[in-house]
Amino acid sequence: MEVGDLVQTVEDWSYKTWTGIVLHIEKNQTTGQQFANVCWTETSVTQGNIFWAPTDKLEVVNASR
């Protein structure tokens, strides 16, 4: 997974499938888990349309070139 990739949430993580573009990826220095800052195609009432998601809960739909 890289910046610019089109991603969607995996089925068991969210109540629906979200699709968006990866803007930034960071690694948690304590746990080592990676998180992607994603601009989602649909807004969330609680978090707007850009928020962090664990990369292991996302799948790449189309890789950036």
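**Exercise 1. Is leucine 23 buried, partly exposed or exposed, and what is its relative accessible area?**

Before you start, keep in mind that this is a predicted model.

*Solution.*
- Find the residue: leucine 23 sits in strand E2, which covers residues 19-27.
- Take its relative accessible area, which is 41%.
- Buried would need a value under 20% and exposed a value over 50%. Leucine 23, at 41%, is therefore partly exposed.
- Now look around it: Ile21, Leu23 and Ile50 make up a nonpolar patch on the surface, and together they have about 230 Å² of accessible area.

**Exercise 2. Work out which residues form the largest nonpolar core and which strand gives the most to it.**

*Solution.*
- Pick out the nine members: Val7, Trp18, Val22, Ala36, Val38, Trp40, Phe51, Ala53 and Leu58.
- Check which elements supply two or more of them: these are strand E3 (34-44) and strand E4 (48-54).
- E3 comes out on top, giving three residues.

**Exercise 3. Classify the ring pair of tryptophan 18 and tryptophan 40, then follow the aromatic cluster onward.**

*Solution.*
- The count of aromatic pairs comes to three.
- For tryptophan 18 and tryptophan 40, the ring centres are 6.1 Å apart and the planes meet at 75°. Planes over 60 degrees apart count as edge-to-face, so that's what this pair is.
- Tryptophan 18 is in the loop between strand E1 (6-9) and E2, while tryptophan 40 is in strand E3, so the pair ties together parts 22 residues apart in sequence.
- Both count as buried: tryptophan 18 has 9% relative accessibility, and tryptophan 40 has 3%.
- Next, tryptophan 40 pairs with phenylalanine 51, at 5.4 Å centre to centre and 35° between the planes, which makes a tilted pair.
- This second pair links tryptophan 40 in strand E3 with phenylalanine 51 in strand E4, eleven residues apart.
- Put it together, and Trp18, Trp40 and Phe51 form one aromatic cluster.

**Exercise 4. Describe the surroundings of threonine 55 and of glutamate 42.**

*Solution.*
- Start with threonine 55, in the loop between E4 and strand E5 (58-62). Its relative accessible area is 15%, so it's buried.
- Not counting residues up to four places away in sequence, threonine 55 touches Met1, Gln34, Phe35 and Ala36.
- Move on to glutamate 42, which belongs to strand E3. With 39% relative accessibility, glutamate 42 is partly exposed.
- Leaving aside neighbours within four places in sequence, glutamate 42 contacts Lys16, Trp18 and Asn49.
- Finally, glutamate 42 and threonine 19 are 23 residues apart in sequence, with 7.9 Å between them in space, C-alpha to C-alpha.

Methods
Residues are numbered from 1 along each chain as its sequence is written. This is a predicted model: local features need pLDDT of at least 70, side-chain atom pairs count only at pLDDT 80 or more; totals for chains, interfaces and linings use all residues. Side-chain values use heavy atoms; hydrogens and water are left out. A nonpolar core is a set of buried Ala, Val, Leu, Ile, Met, Phe, Trp, Tyr and Cys residues joined through side-chain atoms within 4.5 Å. Buried means under 20% relative accessible area, exposed over 50%, partly exposed in between (1.4 Å probe, protein chains only). Helices (H or I, at least four residues) and strands (E, at least two) are DSSP runs, numbered from the N terminus. Patches are made of residues with over 30% relative accessible area and no salt bridge: like charges are joined within 9 Å, nonpolar side chains (Val, Leu, Ile, Met, Phe, Trp, Tyr) within 5 Å. Accessible areas come from the Shrake-Rupley method with a 1.4 Å probe; for residues, only the protein chains shown count as cover. A salt bridge is a side-chain nitrogen of Lys or Arg within 4 Å of a carboxyl oxygen of Asp or Glu. Contact means heavy atoms within 4.5 Å. Rings of Phe, Tyr and Trp (its six-membered ring) pair if their centres lie within 6.5 Å; planes under 30 degrees apart count as stacked, over 60 as edge-to-face and the rest as tilted.
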